[in-house]
Amino acid sequence: MKITKDLLTATSSLYGDSFYFLDSLNFEESFKSLTSEFQSFYPKSRIAYSYKTNYIPRLCKIVDTLGGYAETVSDMEVDVALAVGVDPKNIFFNGPYKKAKAIEDLLLKGGVVNADSDADLEVICSIAASNPQATLRVGIRCNFDIEDGVVSRFGFDFSNGDFDKALTKILKNLNIDMVGLHCHFASRGLQSWVNASKGMLDVIRAVERKNIKPLKYVSLGGGLYGRMSSKLQQQLGISPPSFGDYAAVAAKPFAEFYKHHDEHETPELIIEPGTALAANALKFVAKVVNIKIIGQKSIATLSGSSFNTNPTAGKINLPITVFHIDESESMERYEDMDMAGYTCIESDYLYRNYSGQLSVGDFVVFDSAGSYSVVMKPPFIMPNVPILELNKDQKVRVIKRQETFEDIFSTYQMEF
């Protein structure tokens, strides 16, 4: 994606002072690269894209076109998958809270529900009893210690017998097809993936001792770093693993474990990336609307907010590129300037300690803005901005239009 001053000026004249640029090609390249690395060790590896990270329908459709699955955690996300044409059989429904109607709808369409709790199991077993003619595809989310210092609240504990009880309950229902196992841990470090793979293989051994039919899939969840700029690496104090590094510690052990199994009895190995694919697929553009000096501090106010980039990023400065509208030599230079958002929240800063030239009217382009930005942006103070796709020919296409007053307030009662 090539961004220029002229492109930003022309786009802003049509779509406003702030907008997102979607880089679909970057997203596709990351998807293919991650898939290739895992398949190099375990050919039956497959991606189930985490919708909650960024459910822009365009990205969800790309995943489906490239042969990926939909990893969803709400009925809303299931509906997104169905709306973009995903086969229900390629939808996985995870998460700690699932509405009974949503579970039933997806199971009867042929999708997969990964049970997270006894509450899920009660609903699933009730659906099985009410629909004896249907075969329900169900998995179990597993919980075990990966020694990352976090006590995960999700899934059935493998160590205390809860997992075994859940499995027994499922197997009592003749029309429930126990198709797979699922886990997900938030830690992105390589050792966490080593431990997660080892833990899941222990669960698989226990399941195989039950002499049930072979699993169709085993999911190791997400929690991967994507390609990261050196500036982000420095701020985080890490040297992130590559996709190949993750594959070597996660997919290779599965290849070793299943090397003596009949090919028809080996499951798909599923990973559920979100940030690793979406972060670099979106740029956020904001215009400098004013510059002021408060005490000894220079502060620029932008037409965007930290809510537009990633409200969970904390004090991280996303990589930026500043495009100057007037590049005269007289342009003022600032040291340790902070770039603030348009909201009335004191802590709303998009970038801290910028040093360089800046003027009102300049554009600031934030990279790596695709993770949890669009999906977590609240309708706070102003509606959200448009999402525009920039193709190979530098042609702009609207992926999501500018939100309006009606979009935000149509669900409210205005007459009393």
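In this predicted model, the side chains of Arg-205 and Asp-202 come together in a salt bridge, with an N to O distance of 2.9 Å. Both residues belong to helix 8 (residues 190-208), and because they lie three residues apart there, about one helical turn separates them. Arg-205 is partly exposed at 36% relative accessibility, and Asp-202 is likewise partly exposed, with a relative accessible area of 31%.

This pair is one of 20 salt bridges that the structure holds. Another joins the side chains of Lys-98 and Asp-120, at 2.5 Å from N to O. Here the partners come from distant parts of the chain, 22 residues apart: Lys-98 sits in the loop between strand 4 (91-93) and helix 5 (100-109), while Asp-120 is in helix 6 (residues 118-130). Lys-98 has a relative accessible area of 6% and so counts as buried, the limit being under 20%. Asp-120 falls under that limit too, with a relative accessible area of 4%, and is therefore also buried.

A further salt bridge is formed by the side chains of Glu-403 and Lys-400, with 2.8 Å between N and O. Lys-400 has a relative accessibility of 25%, so this residue is classed as partly exposed. Elsewhere, salt bridges with shared partners connect Arg-58, Glu-389 and Arg-397 in one network.

Arg-58 also takes part in the packing of two helices, being one of the helix 3 residues that meet helix 2. Helix 2 (residues 24-41) and helix 3 (residues 57-65) pack with their axes 11 Å apart and at an angle of about 35°. The crossing of helix 2 past helix 3 is right-handed. On the helix 2 side, the contacts involve Ser-24, Phe-27, Glu-28 and Phe-31. Their counterparts in helix 3 are Arg-58, Leu-59, Ile-62 and Val-63.

Turning to the surface, Ile-345, Phe-380, Ile-381 and Met-382 make up a nonpolar patch of about 330 Å². Of these residues, Ile-345 is placed in the loop between strand 14 (333-340) and strand 15 (349-357). What is the relative accessible area of Ile-345? The value is 37%, which means that Ile-345 is partly exposed. Membership of a patch requires over 30% relative accessible area, and Ile-345, at 37%, therefore meets this requirement.

How values were computed
Residues are numbered from 1 along each chain as its sequence is written. This is a predicted model: local features need pLDDT of at least 70, side-chain atom pairs count only at pLDDT 80 or more; totals for chains, interfaces and linings use all residues. Side-chain values use heavy atoms; hydrogens and water are left out. Patches are made of residues with over 30% relative accessible area and no salt bridge: like charges are joined within 9 Å, nonpolar side chains (Val, Leu, Ile, Met, Phe, Trp, Tyr) within 5 Å. Accessible areas come from the Shrake-Rupley method with a 1.4 Å probe; for residues, only the protein chains shown count as cover. A salt bridge is a side-chain nitrogen of Lys or Arg within 4 Å of a carboxyl oxygen of Asp or Glu. Helices (H or I, at least four residues) and strands (E, at least two) are DSSP runs, numbered from the N terminus. Buried means under 20% relative accessible area, exposed over 50%, partly exposed in between (1.4 Å probe, protein chains only). Axes are lines fitted to C-alpha atoms, for helices over the stretch in contact, and angles run from 0 to 180 degrees between N-to-C directions. A crossing is left-handed if the near helix is turned anticlockwise from the far one by less than a right angle, and right-handed if clockwise. Contact means heavy atoms within 4.5 Å.
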